[in-house]
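Grab a pencil and open your viewer. Here are a few short exercises on surface patches and charged pairs, each with a worked solution.

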Amino acid sequence: MDSQTYMNFHGILLYRKNFKENDMLVKFLTAEAGKKMFFIRGARKRGFKMMADILPFTYGTYSGKINAENLSYIYSGLDTDHYENISEDIFLNAYATYIMSLVDVAFPDSTPIPHWFNQLFAALRLIDNGVDPEVITNICEIQLLGEFGVQPELRGCAICGRTDLNFDYSEAYGGLICQNHFHLDANRLHLDQKTIYYLRRFSIIDLNKLGNVNVNDNTKQNLRMLLDKIYSDSVGIHLKSKSFLDQMNDLRL
Ligand SMILES: [Zn+2]
């Protein structure tokens, strides 16, 4: 891409922040140019013409000028829409925000990530359509692990490769270990087989093809515990949006 390109692009709004008195910086994941920060002049003025095009949880087609390195610009929203249910529900809002911030930290700016553009688009659509946001969040978390340099072995035992025995998760061995090797890791996580089943399934599921999926509360709790442990111990990130989501869920109990 040249240093400046006038083009139409597909974007999913990741976040916005106020800038100076009247303006806004809005970050989009674009299909064509990856994550880009846009400078929107006058975005906070009353009656701003693109107000609806840059609301939180908006996606669509825009025309603008994409700069390779500096801030980019939007001239107009051509065909935009927003995730109504996510916008209106503070819990869905928190899940969607966390997923978007994960995608944001997982990839560098200005690098096209068409696969994750599609996955994020599907994830938000599913949450907006009422599919369990905890499940969608877990799927994104598991599938993003590789981008953080953590690629747990989930196909079979990390030690012997067997796939036909009971498994547990071992942080020391970086993935599943089979029951023949449980004795090698005293700190294995003692997960039940149902949790292991969903962990493996979620690692390969295509969000674009996912219908509804029902996971019981106990399994969801175990998956949450496991992913919190992996993200804390192996990935080593602690996102504000995740703390906020945790606080929201604590309030709900
Ligand atoms: Zn084994």
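**Exercise 1.** Find which residues make the nonpolar surface patch of about 390 Å², and place Tyr 73 in its strand.

*Solution.* Keep in mind that this is a predicted model. Start with the patch: Tyr 6, Leu 71, Tyr 73 and Tyr 75 make it up. Next, take Tyr 73, which sits in strand S5, residues 73–82. Its relative accessibility is 30%, so Tyr 73 counts as partly exposed.

**Exercise 2.** Work out which parts of the chain the Lys 27 and Asp 104 pair links, and whether each partner is buried or exposed.

*Solution.* There are 17 salt bridges in the structure. In one of them, the side chains of Lys 27 and Asp 104 meet at 3.0 Å, N to O. Now trace the chain: Lys 27 belongs to strand S2 (residues 23–30) and Asp 104 to helix H2 (residues 90–106), 77 residues apart. Buried means under 20% relative accessible area. Lys 27, at 6%, is therefore buried, and Asp 104, at 13%, is buried too.

**Exercise 3.** Do likewise for Asp 109 and Lys 35.

*Solution.* Their side chains form a salt bridge of 3.1 Å, N to O. Asp 109 is in the loop between H2 and helix H3 (114–128) while Lys 35 is in strand S3 (residues 34–40), so the pair ties together parts 74 residues apart in sequence. Last, check exposure: Asp 109 is partly exposed at 39%, whereas Lys 35 is buried at 2%.

How values were computed. Residues numbered from 1 in each chain as written. Predicted model: local features only at pLDDT ≥ 70, side-chain atom pairs only at ≥ 80, totals over all residues. Heavy atoms only, no water. Patch = residues over 30% accessible without salt bridge, like charges linked within 9 Å, V, L, I, M, F, W, Y side chains within 5 Å. Areas by Shrake-Rupley, 256 points an atom, 1.4 Å probe, with all protein chains shown as cover. Salt bridge = Lys/Arg side-chain N within 4 Å of Asp/Glu carboxyl O. Helix = DSSP H or I, 4+ residues; strand = E, 2+ residues; numbered from the N terminus. Buried < 20%, exposed > 50% of the residue type's maximum accessible area, 1.4 Å probe, protein only.
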